[in-house]
Amino acid sequence: MTRPDVVVVGSGPNGLAAAVTLARAGLRVTVLESQSTVGGGARTLELGLADGVTHDICSAVHPMAWASPFFQQFDLAARGVELLVPEVSYAHPLPDGRAGIAYRDLDRTVERLGVDGAVWRSLVGGDPASVVRLGLFDKRSVPLVDPREAVRFGLGVLEQGTRAWDRRFVDVVAPALLTGIAAHAISPLPSIAAAGTSLLLGTLAHADGGWPIPRGGSGAITAALVADLEAHGGTVRTDHRVRRQADLPIAHCYVFDTTPRTLVEVLGHRLPPRSRDALAAFEYGDAAAKVDFVLDGPVPWAVPEVGLAGTVHVGGTRTEMARAENAVARGEHAERPVVLVSDPTVVDGTREVQGRRPLWTYTHVPAGSDVDVTETVTRHIERYAPGFRDVVVASRCTPAAHLSDHNENYVDGDISAGRASIRQLFARPTARFDPYFSGRAGIYLCSASTPPGPGVHGLGGWYAARRVLREFGIMAPPSLAP
């Protein structure tokens, strides 16, 4: 067997992005994956709940994939990946019988929000390209954006990340709609990290690409990456768990699409003590528990327009969501936790099989929770969709403590692969100027534990790969075009 130039440990979107970039530069690349299927957080599989019905194992909705500079160069559409864009990016039902509706059309959203429409436009109506550069850069360089856009975004983050977050709102709909996105960060509310998440994703909701759902599921993105890797001579080996150095083939470079914890366990003995200790000190955050449902019809939302959304945030008012997220941060299970819901059949009829459709849901829980949250999630959805129980055919809960069974990067259920704190917003995974370098030549980290953080964007892998190429004397990154 030919010795590889580079071994990539982990086949999530970042690992595959790194592998594709390195293989296109002419290097021999081997990807090692501990699971029997490839893709990490971007897999679509049958769970045995209903014949032929497939479920997205982690991520289901992909604004980051549409916006990512890596995937824009890679050109998913040219590779047969169809990103289907709902008319309504996301919706948020409220206890008073109303609902916040984030149309892809910004003007329509602003008009519907009425008295708070102007505030909404000021927060998420900026230039999407600039906001992407501000949100998805490597947190070490200076993003090239219009200074006015940078100031607008920065002031918005400061406002929505502090107790001033309600200062300009009059009604409850717009702040609830914004807080539903902020909760994706799984952090106390308000917080700077959550605010940055809400303004980035909120802006993308009104961009051309919206919050798209891949036809056939998230696995379509993974399949396109693997096909390109193999076309350029790379290989993927599944069912190959890496626990120690002996599990690694000999290679010039190793790129870990894993948490810092795994890197330290496998190759920590080869790192300088200071680097090893800094990586070992990386903090993990609170968690998600997942409930996959099979339904025999659409969710019976009390506000029918909610059913047009690819994503629904179930959490009530801003006050209720802050109470729930802060309870989780204290290590408690919220009585009414924030629940993220996605029905892919809103835009992708191929996901419905013989009248059965998947429903993807997550809720937030303390790290390491082993609680089955099926009843909690069902009861909370039914609060806004009376009769929901009647359309449920089957369900399966994956508690936070077991999420790592299908993705080892989800330590204790932390799907963000690292706490969303101010320090780790910029010193992720450490304060090193090169966040992908381990401290030892030939060893790199490229997972969601590195900048720009979680999301199916491939940027951690792309940025790390360009650093690796320099070890081989390759200064210009290769084209990613089909």
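## Cavities

A search of the whole structure, a predicted model, finds 3 cavities of 30 Å³ or more. The largest cavity holds about 50 Å³ of space.

Which residues line the largest cavity? From the earlier part of the chain come Gln 160, Trp 165, Leu 178, Thr 179 and Ala 182. Leu 189, Pro 190, Ser 191, Ala 194, Ala 195 and Ser 198 follow, and Arg 318 completes the lining. By class, the lining divides into 7 nonpolar, 4 polar and 1 charged. Helix 8 (173-182) and helix 9 each supply at least two of these residues.

## Helix 9

Helix 9 covers residues 192-205, 14 residues in total. The helix reaches 20 Å from its first C-alpha to its last. That is close to the 20 Å expected at 1.5 Å a residue.

Helix 9 is mostly covered, with 12 of its 14 residues buried. The buried set includes Ala 193, Gly 196, Leu 199, Leu 200, Leu 201 and Gly 202. Thr 203, Leu 204 and Ala 205 are buried too. Ala 194, Ala 195 and Ser 198 are buried and also line the largest cavity.

## Nonpolar cores

The largest nonpolar core has 86 residues. Which of them have the most contacts inside it? They are Leu 22, Phe 70, Phe 71, Trp 120 and Val 255.

Take Trp 120 and set aside its neighbours within four places in sequence. Trp 120 is then in contact with Tyr 90, Leu 106, Thr 109, Val 110 and Leu 113. Its contacts also include Gly 125, Ala 174, Leu 177, Leu 178 and His 206. Leu 178, a contact of Trp 120, is also one of the residues lining the largest cavity. Apart from the largest core lies another core, of 30 residues. Val 88, Phe 293, Tyr 384 and Cys 397 are among them.

## The second largest pocket

The second largest pocket has a volume of about 460 Å³. Its lining has 20 residues. Of these, Phe 137, Asp 138, Ser 141, Tyr 463 and Arg 466 are the closest to its centre.

Two elements give two or more residues to the lining of this pocket: helix 6 (128-135) and helix 17 (459-471). Which supplies the largest share? Helix 17 does, with 5 residues. The lining of the second largest pocket divides into 12 nonpolar, 1 polar and 7 charged residues.

How values were computed. Residues are numbered from 1 along each chain as its sequence is written. This is a predicted model: local features need pLDDT of at least 70, side-chain atom pairs count only at pLDDT 80 or more; totals for chains, interfaces and linings use all residues. Side-chain values use heavy atoms; hydrogens and water are left out. On a 1 Å grid over the protein atoms alone, a cavity is a set of points where a 1.4 Å probe fits but cannot get out, and a pocket is an open set with protein on both sides within 12 Å along at least five of seven lines; lining residues have an atom within 4 Å of a point. Grid points are joined across faces, edges and corners, and a volume is the space filled by probe spheres set on the points. Helices (H or I, at least four residues) and strands (E, at least two) are DSSP runs, numbered from the N terminus. Ala, Val, Leu, Ile, Met, Phe, Trp, Tyr, Cys and Pro count as nonpolar, Asp, Glu, Lys and Arg as charged, and the others, Gly among them, as polar. The expected span of a helix is 1.5 Å times one less than its number of residues. Buried means under 20% relative accessible area, exposed over 50%, partly exposed in between (1.4 Å probe, protein chains only). A nonpolar core is a set of buried Ala, Val, Leu, Ile, Met, Phe, Trp, Tyr and Cys residues joined through side-chain atoms within 4.5 Å. Contact means heavy atoms within 4.5 Å.
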